Amino acid sequence: MAKVVCVLYDDPVDGYPTTYARDDLPKIDHYPGGQTLPTPKAIDFVPGTLLGSVSGELGLRTYLEANGHTLVVTSDKDGPDSVFEKELVDADVVISQPFWPAYLTPERIAKAKNLKLALTAGIGSDHVDLQSAIDRNITVAEVTYCNSISVAEHVVMMILGLVRNYLPSHEWARKGGWNIADCVAHSYDLEGMTVGSVAAGRIGLAVLRRLAPFDVKLHYTDRHRLPEAVEKELNLVWHDTREDMYPHCDVVTLNVPLHPETEHMINDETLKLFKRGAYIVNTARGKLADRDAIVRALESGQLAGYAGDVWFPQPAPADHPWRTMKWNGMTPHISGTSLTAQARYAAGTREILEAFFEGQPIRDEYLIVQGGALAGTGAHSYSKGNATGGSEEAAKFKKAG
């Protein structure tokens, strides 16, 4: 029987919810393009409830314990004395979410002698050292597409929030003011602007589709060019490289996975290629951007705004400069963990576990690493290597708290 260690974020400060704002969720049975939603044999939770925090347990306890497995759930994940570090030693399966990642560094993987499966309840497995997983023949899987549309909606919201200067204007209203000039001195229309997406996979393409009705000019770059019919449908301009695209754009949205080839791709040098007064929205991974280069670009006016919900490490230390820098629209990592998305990624986690324990194939689109190599979605989207360096800084948040 297996030991499953599940790392989830803390419950709300006022306790686990007993009621919710809505009574049900909209019903969908497939994603754009036809991929079906997760298909576990059963679920032991009510869709629309809070599953991603420690008390929600991703709805897994009944299933796992009924099959003789041990489930350990904790939010304490950072530092050598954390519950996660102690429980990892004899864990067979580790589950965590991108929003509260259990960083599986080379050192931690070396200690985890029994580890066979690293499962992301969500999308994005950069918190796992993929190279060590390859070397150790550990399977890495994630619930592809489960929250792609959730993130795409968040991107559109943040683009409008930055360009229209929504957050500072809302704050004037909260403070009792009516400071129209202060609000609009940094406010523009999105209409007519050029928006570029770095990557046009599931999230990037969904963002482009949602922005098309705003009468913007749409550009993109991706190592896998979209079909000509899609480019014509959305009137897309393709660029061979990111650097070729940046000078054309008023807004750039980052929708590319983090791996060694994309780490710190937004830096002091590449920011010089941007239009003065451009905006960046990053809901992909914080480490795509050099932290201090973003601060400097906002201070100088090279960027007019930066928004996103991804940081590095996560949770971000209390003194992380993105919390207080000028013209930021940052939130905790929430874009992909709406209650709607949680129902899908909890079901997908159950589906992957069922396949794993029953010796059945895990869906190809869920695979990142298997059999000592990048596999499935991983072979399409990632490169070999390790992007977890520096993740020990997350312990600073724990100490501050």
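C249 is a good place to enter this predicted model: the residue is buried, with a relative accessible area of 0%. C6 is likewise buried, and its relative accessible area is given as 0%. Buried here stands for a relative accessible area under 20%, so both C6 and C249 qualify.

With cysteines in view, disulfides come next. A disulfide is a covalent bond between the sulfur atoms of two cysteines. The structure holds 0 disulfides. For C6, which is in no disulfide, the nearest cysteine sulfur belongs to C146 and is 14 Å away. Since a disulfide calls for cysteine sulfur atoms within 2.5 Å, the 14 Å that separates the sulfur atoms of C6 and C146 explains why these two are not counted as a pair.

The annotation offers a wider frame. In an unreviewed entry, UniProt places the feature "domain: D-isomer specific 2-hydroxyacid dehydrogenase catalytic" at residues 62-363. Over residues 62-363, helix accounts for 36% of the chain and strand for 16%. The C-alpha atoms at the two ends of this stretch are 23 Å apart.

Two of the strands can be followed in detail. Strand 4 (residues 117-120) pairs with strand 5 in the parallel sense, over 4 bridges. Within this pairing, L119 has A141 of strand 5 as its bridge partner. Strand 5 (residues 139-142) is covered on both faces. T139 and A141 are buried on one side, while V140 and E142 are buried on the other.

Attention now turns to the empty space. Rolling a probe the size of a water molecule over the atoms shows where empty space is left. The largest pocket holds about 1100 Å³ of space. Its lining is made up of 49 residues, of which A199, G201, N255, V256 and P257 are the closest to the centre. Helix 5 (148-163), helix 8 (202-211), helix 10 (242-245) and helix 14 (376-381) are the elements that each give two or more residues to this lining. Helix 8 gives the most, with 6 residues. By class, the lining of the largest pocket comprises 18 nonpolar, 19 polar and 12 charged residues.

The second largest pocket contains about 500 Å³ of space. It is lined by 19 residues, and those closest to its centre are F99, W100, P332, H333 and I334. The lining of this second largest pocket divides into 10 nonpolar, 7 polar and 2 charged residues.

How values were computed. Residues numbered from 1 in each chain as written. Predicted model: local features only at pLDDT ≥ 70, side-chain atom pairs only at ≥ 80, totals over all residues. Heavy atoms only, no water. UniProt positions renumbered as here; feature names shortened; annotations may be inferred. Buried < 20%, exposed > 50% of the residue type's maximum accessible area, 1.4 Å probe, protein only. 1 Å grid on protein atoms, 1.4 Å probe; cavity = no way out; pocket = protein on both sides within 12 Å on 5 of 7 lines; lining within 4 Å. Points joined across faces, edges and corners; volume = space filled by probe spheres on them. Nonpolar A, V, L, I, M, F, W, Y, C, P; charged D, E, K, R; others polar. Pairing = 2+ DSSP bridges.
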